[in-house]
Amino acid sequence: MAMTIHVDIVSAEGEIFSGLAEMVYAPAIMGEVGIAPRHTPLVTQLKPGEVRVDTGNSKEMQHFYVSGGILEIQPHVVTVLADTAIRAADLDEAAAQEAKRRAEDAMANRTSEFEYAKAQAELVEAAAQLRAIERIRKGKHS
């Protein structure tokens with residue numbers, strides 16, 4: 001039996017995943033990190049993107065979208081405290097495309113630095129959602 005690590009993914013809305021995994025991948029602020037059992041302790045910020053949980057046992061990898069948050073790693077526990085967390089399969093591609101279009105329009109027609117920064121953050125989130133959708137789509141067809 002392979003070594004495992006306990007994973008909890010939670011947001012303000014509640015717990016979205018809790019279980020054992022052989023490997024976890026997360027979009028840390030400094031780049032994507034891969035987390036295996038007995039990983040060195042670490043606390044870092046998350047940027048918008050996809051958290052992937054490999055539960056092993058030849059099961060399909062689980063995908064989650066997070067809009068940002070905090071990642072805490074201990075040797076036997078990984079905790080994702082997300083601002084927003086959604087199962088990637090539940091993401092709405094049309095809504096993400098529309099959010100991306102609105103953010104791009106707002107950036108082009110900005111009237112203040114605050115509006116530009118807000119639109120830029122919305123664009124990053126929409127693009128991360130679309131990347132998660134695309135990654136899942138590719139995974140199911142390969």
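This passage looks at a salt bridge, a pocket and a surface patch in a predicted model.

Start with the charges. Side chains of opposite charge can pair when their charged atoms come close. A search of the whole structure turns up just one salt bridge, and the partners are glutamate 32 and arginine 52, whose closest N and O atoms sit 2.7 Å apart. Glutamate 32 belongs to strand 4 (residues 31-35) and arginine 52 to strand 6 (residues 49-54), so the pair ties together parts that are 20 residues apart in sequence. The two ends don't share the same surroundings: glutamate 32 is partly exposed, at 48% relative accessible area, while arginine 52 is buried, at 12%, which falls under the 20% cut-off for that label.

Glutamate 32 also turns up in the lining of the largest pocket, which has a volume of about 240 Å³. Helix 2 (113-141) and strand 6 each supply at least two residues of that lining, with helix 2 giving the most, at six. Other lining residues include Pro27, Lys47, Pro48, Gly49 and Glu50, along with Val124, Arg131 and Arg135. By type, the lining splits into six charged residues, five nonpolar and one polar.

Then there's the greasy side of things. Val43, Ile70 and Leu81 make up a nonpolar patch on the surface, and together they offer about 250 Å² of accessible area. Of these, leucine 81 sits in strand 9 (residues 77-82) and counts as partly exposed because its relative accessibility is 42%.

Terms used:
Residues are numbered from 1 along each chain as its sequence is written. This is a predicted model: local features need pLDDT of at least 70, side-chain atom pairs count only at pLDDT 80 or more; totals for chains, interfaces and linings use all residues. Side-chain values use heavy atoms; hydrogens and water are left out. Patches are made of residues with over 30% relative accessible area and no salt bridge: like charges are joined within 9 Å, nonpolar side chains (Val, Leu, Ile, Met, Phe, Trp, Tyr) within 5 Å. Accessible areas come from the Shrake-Rupley method with a 1.4 Å probe; for residues, only the protein chains shown count as cover. A salt bridge is a side-chain nitrogen of Lys or Arg within 4 Å of a carboxyl oxygen of Asp or Glu. Helices (H or I, at least four residues) and strands (E, at least two) are DSSP runs, numbered from the N terminus. Buried means under 20% relative accessible area, exposed over 50%, partly exposed in between (1.4 Å probe, protein chains only). On a 1 Å grid over the protein atoms alone, a cavity is a set of points where a 1.4 Å probe fits but cannot get out, and a pocket is an open set with protein on both sides within 12 Å along at least five of seven lines; lining residues have an atom within 4 Å of a point. Grid points are joined across faces, edges and corners, and a volume is the space filled by probe spheres set on the points. Ala, Val, Leu, Ile, Met, Phe, Trp, Tyr, Cys and Pro count as nonpolar, Asp, Glu, Lys and Arg as charged, and the others, Gly among them, as polar.
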